[in-house]
Structures are given as structure tokens and as C-alpha cells.
Amino acid sequence: MEYKAKLMDASAVHRSLIRISHEIIEKNRGCENLALIGIRRRGVPLAKTIAENILQIEKADLPVGALDITFYRDDLSTIAEAPKVKGTEIGFDVTGMKIVLVDDVLYTGRTVRAAIDALFSVGRPACVELAVLVDRGHRELPIRADFVGKNIPTSSSELVVVSLPPFEEETGVELYRLI
């Protein structure tokens with residue numbers, strides 16, 4: 001991989017997540033019957049941050065869950081012989097709730113499709129919305145995000161890397177060229 005550019009620093013990520021938090025509240029006309037579920041890995045800390053923002057803005061303490069999509073991926077046989085399962089942690093009933101799935105990067109749409117399948121295996125939400133920090137294009141499925149931090153047009157020979165605690169020390173989004 002070859003480094004190309006810093007697309008978002010910690011401040012830009014923070015501003016994007018604040019804006020997404022406001023947009024979620026506005027689109028859902030408040031926070032009633034609303035929950036956030038982060039797609040493992042980096043969607044989980046993003047969902048927690050959005051929930052913290054909403055708590056500060058609306059004084060509403062939203063339930064937050066973590067969704068492991070490992071066994072719902074359509075490329076499971078090609079990613080690893082023994083995939084690492086982190087586990088789904090949803091401590092509330094999703095049935096009848098408005099669920100916002102949260103992920104770091106939206107690319108082909110296949111991860112989101114797997115997440116929707118995984119989500120429906122635990123209950124039937126009233127609706128599902130999608131919040132992503134970065135939408136880089138190149139969809140292979142008819143999936144779009146309801147809330148986007150930043151649209152970043154990329155080529156298929158590029159990689160968008162999101163860095164977030166607790167996985168990395170610094171917060172940011174960088175672009176790399178695959179060699």
C-alpha cells in the first residue's frame with residue numbers, strides 16, 4: 001500500500017459525527033423507539049460516539065448494540081478458513097424499533113446487506129437506517145446511506161482506512177493506493 005492523502009483528521013471526524021447525530025434526531029423526529037447498532041469492528045465505537053452526542057443534544061440515552069456479520073457475509077469461504085467471531089451484543093429487543101446501523105466505510109454494499117440479514121435474525125425492526133462515516137462509492141447492491149459523514153469518490157485501486165480508538169491511537173481517515 002502506498003499512502004496518498006489524509007482525508008479527515010480527528011476534528012473533521014468529530015464534526016461529521018456531530019452532524020450525523022443531529023440528522024438522525026431530525027429525520028426520526030426525536031429519539032423515541034430509536035436504537036443504534038454498530039457493525040463490528042469500527043462501526044461500534046462510531047455508534048457509541050453518536051449515542052453520546054445524542055445524549056448531550058437531546059438528553060436521550062439510546063440503546064447501543066454491536067452486530068457481528070461474520071456468518072452472514074457472502075464471501076465467508078474466501079476470507080478465512082476459521083474466521084474470528086467477535087459476537088453480536090444487542091441487549092434490547094429490536095422488534096418494532098427504529099434501528100440505525102452504523103459503519104465506518106460504505107463501499108460495495110455487501111457488508112450492509114450482511115448486517116441487515118444478521119439484524120433480522122435477532123428480531124424485526126420497524127425500520128432500518130444506515131449511518132456511515134465515509135461513502136466511497138462503487139456500489140454492487142442497491143444500498144445507500146441515510147446519513148453520511150463524507151462522500152469520497154475513489155477508484156477501485158484505492159483503499160480508505162479509518163483509524164479510531166480503541167483500535168488505533170489516533171482518529172482519522174486516510175487514502176492509500178493498492179500496489
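How many disulfides does a search of the whole structure find? Zero. A few notes on that and on some other spots follow; keep in mind that this is a predicted model.

1. **The cysteines.** A disulfide is a covalent bond between the sulfur atoms of two cysteines. For C31, the closest cysteine sulfur belongs to C127, and at 13 Å it is too far for a bond. Looking from the other side gives a matching picture: C127 has its closest cysteine sulfur in C31, 13 Å off and too far for a bond. The cut-off for calling a pair a disulfide is 2.5 Å between the sulfurs, so the search comes back with zero.

2. **Buried or exposed, for C31 and C127?** C31 counts as buried, because its relative accessibility is 13% and the limit for buried is under 20%. C127 is partly exposed, since its relative accessible area is 30%.

3. **The second largest pocket.** If you want to look at this one, it holds about 150 Å³ of space. Its lining is made up of A10, V13, H14, L17, P45, L46, T49, L164, P165 and T171. Two elements give two or more residues to that lining: α1, which covers 10–27, and α2, which covers 43–58. The largest share comes from α1, with four residues.

4. **What is the lining of that pocket like, by residue class?** Sorted into nonpolar, polar and charged, the lining of the second largest pocket splits into seven nonpolar and three polar residues, with no charged ones.

5. **L175 and its surroundings.** L175 sits in strand β8, which spans residues 172–177. With a relative accessibility of 9%, L175 counts as buried, because anything under 20% does. Leaving aside residues up to four places away in sequence, L175 touches E2, Y3, K4, A5 and L7, and also T154, E158, L159 and V160. F71 is a separate matter: L175 and F71 are 104 residues apart in sequence, and their C-alpha atoms are 28 Å apart in space.

6. **The annotated motif.** The UniProt record, an unreviewed entry, places a "short sequence motif: PRPP-binding" at residues 99–111. In the model, that span is 62% strand and 15% helix. From end to end, the C-alpha atoms of residues 99–111 lie 16 Å apart. Do bear in mind that the motif label comes from the UniProt entry, whereas the strand and helix shares are computed from the predicted model.

Conventions. Residues numbered from 1 in each chain as written. Predicted model: local features only at pLDDT ≥ 70, side-chain atom pairs only at ≥ 80, totals over all residues. Heavy atoms only, no water. 1 Å grid on protein atoms, 1.4 Å probe; cavity = no way out; pocket = protein on both sides within 12 Å on 5 of 7 lines; lining within 4 Å. Points joined across faces, edges and corners; volume = space filled by probe spheres on them. Nonpolar A, V, L, I, M, F, W, Y, C, P; charged D, E, K, R; others polar. Buried < 20%, exposed > 50% of the residue type's maximum accessible area, 1.4 Å probe, protein only. Contact = heavy atoms within 4.5 Å. UniProt positions renumbered as here; feature names shortened; annotations may be inferred.
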